[in-house]
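Student: I am new to this structure and would be grateful for a close look at a single part of it. Please choose one helix and explain how it is joined to the rest.

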Amino acid sequence: MSWGIELWDQFDNLEKHTQWGIDILEKYIKFVKERTEIELSYAKQLRNLSKKYQPKKNSKEEEEYRYTACQAFLATLNEMNDYAGQHELISENMTSQIIVELVRYVQELKQERKSHFHDGRKAQQHIEMCWKQLESSKRRFERDCKEADRAQQYFEKMDADINVTKADVEKARQQAQTRHQMAEDSKTDYSSILQKFNHEQHEYYHTHVPNIFQKIQEMEERRIVRIGESVKTYAELDRQVIPIIGKCLDGIVKAAESIDPKNDSQLVVEAYKSGFEPPGDIEFEDYTQPMKRTVSDNSLSNSRGEGKSELKFGGKSKGKLWPFIKKNKGATPEDFSNLPPEQRRKKLQQKVDELNKEIQKEMDQRDAITKMKDVYLKNPQMGDPTSLDHKLAEVSQNIDKLRLETQKFEAWLAEVEGRLPARSDQARRQSGMYEAQNAPSVNNCAQDRESPDGSYTEEQSQESEVKVLATDFDDEFDDEEPLPAIGTCKALYTFEGQNEGTISVVEGETLYVIEEDKGDGWTRIRRNEDEEGYVPTSYVEVYLDKNAKGAKTYI
């Protein structure tokens, strides 16, 4: 099958077809280019998505990624980055191996096509010129033959006319001979041109056109092969990244399989364990006794004179108050005394470890400077040894400061470790009380008490009042609805509420009581809808509403 033979007369159609083939190639190039843009856009979106959900440094989110489930999620984000990289690689390879190559090939193809059709038009113009020469020679031969016939007829007419002179007859005869000679010459010329044209036409249709069309056919077939190779490359470039993408997905599956719910549960214990022990049993209070009975240990006030220094509700109060205490937005104490024992121990241990690392870093720097100084001493041309003395002294001072700081935190750590529930002191296990501090005494002071975070304690006044307890004990909080006021109180002293869950009051200030003392030495009060918290019971004088639910009545 040859275009030169089968399509010898389809020059124009072949020209249109080959142009269509180039258009198809350019369309495919455009398709691949848009695919690369999609791959880049997809990769960019994946990277942005991964970055969006990455934990922020030095934030609470970073701490959350200790849990295996969060680590699996983090691994997924990291694998998505690698996944995006493979799509960027697809785009890069398609650009270099398909688009760039095809664009160059299209330019070459256009030049080749132009050359072939130029040769075809040139051959076509040559055969057309030969045809015109043949037509011209033919018309001249025809004209000369007609002129010769007319001259012959005129001569015969003159020769037959008796009235015409011999001179005129001779002239007509010569004219006829001349015309006959011209006709013969035209015939010879026409015959020669005709033979030449037939030869050129044979060459044109059997040599030139087949050769040109064959080249055009080969050019078109190369274009088709090139498209096929590009399509194959397109698929192979996708296939090349499948193993890496598979590894990314395997990494995600592996991260998912590494999730350990037991480990995460243990981390929750380590993160939130307070170190307090559950509250003990509540003693029965016999209200059938005379009204002058000894005031029970869990009433609003208790006399120190009766020698009941052990807290009855220390453990209970801790168990009840701690979960509901609102976070204080003030500065965190340096010794972390605002935290429960176990959390405080962890923070102190973390601080000690950080300081030890800084000490080690400074010591390494000191050793490096010392070695450099020894080198300078042995080789003075390298530097002045005394120039390092100032830096060496500065590093040594930093080490001394860090060691003092470490000793301070180690002392706090030893203190809190000695007060964790492992100790046998029942009072400390129940209340988490660390140190006894003296506080002003008032009429309704309770026994030794501590703050909800274990950082505040106070002495109880020896004065007490007889109280009658209401039978309705409502120990539960409802965080969704504010507690109703059950009375009022007047601040006897100014109290700076710097710990979690406490509230500051000014001497003489009147506030609402929303929860009375549960036996732990703290009363919950409210200033307004947004400000509420605990104050030491010994710092306020309480006036309870007798009709309020859960209120105690003073006698």
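Tutor: The following account concerns helix H4 and its salt bridges.

The model is a predicted one. Helix H4 comprises residues 68-160, which makes 93 residues. From its first C-alpha to its last, helix H4 reaches 134 Å, close to the 138 Å expected at 1.5 Å a residue. A kink of about 35° is present in H4, and its centre is Thr95.

Two salt bridges connect helix H4 with helix H5, which covers residues 166-257. In one of them, Arg226 pairs with Glu101, and their closest N and O atoms are 3.9 Å apart. Because Arg226 belongs to helix H5 and Glu101 to helix H4, this pair ties together parts that are 125 residues apart in sequence. Arg226 is partly exposed, at 24% relative accessibility, and Glu101 is also partly exposed, at 29%.

In the other, the side chains of Arg140 and Asp189 meet, with 2.3 Å from N to O. Here Arg140 is the residue in helix H4 and Asp189 the one in helix H5, so the pair ties together parts that are 49 residues apart in sequence. Arg140 has a relative accessibility of 29% and counts as partly exposed; Asp189, at 29%, is likewise partly exposed.

These contacts may be set against the whole structure, which holds 23 salt bridges. A search of the whole structure for disulfides, by contrast, finds 0.

Definitions and conventions
Residues are numbered from 1 along each chain as its sequence is written. This is a predicted model: local features need pLDDT of at least 70, side-chain atom pairs count only at pLDDT 80 or more; totals for chains, interfaces and linings use all residues. Side-chain values use heavy atoms; hydrogens and water are left out. A disulfide is a pair of cysteine sulfur atoms within 2.5 Å. Helices (H or I, at least four residues) and strands (E, at least two) are DSSP runs, numbered from the N terminus. The expected span of a helix is 1.5 Å times one less than its number of residues. The bend at a residue is the angle between axes fitted to the seven residues ending there and the seven starting there. A salt bridge is a side-chain nitrogen of Lys or Arg within 4 Å of a carboxyl oxygen of Asp or Glu. Buried means under 20% relative accessible area, exposed over 50%, partly exposed in between (1.4 Å probe, protein chains only).
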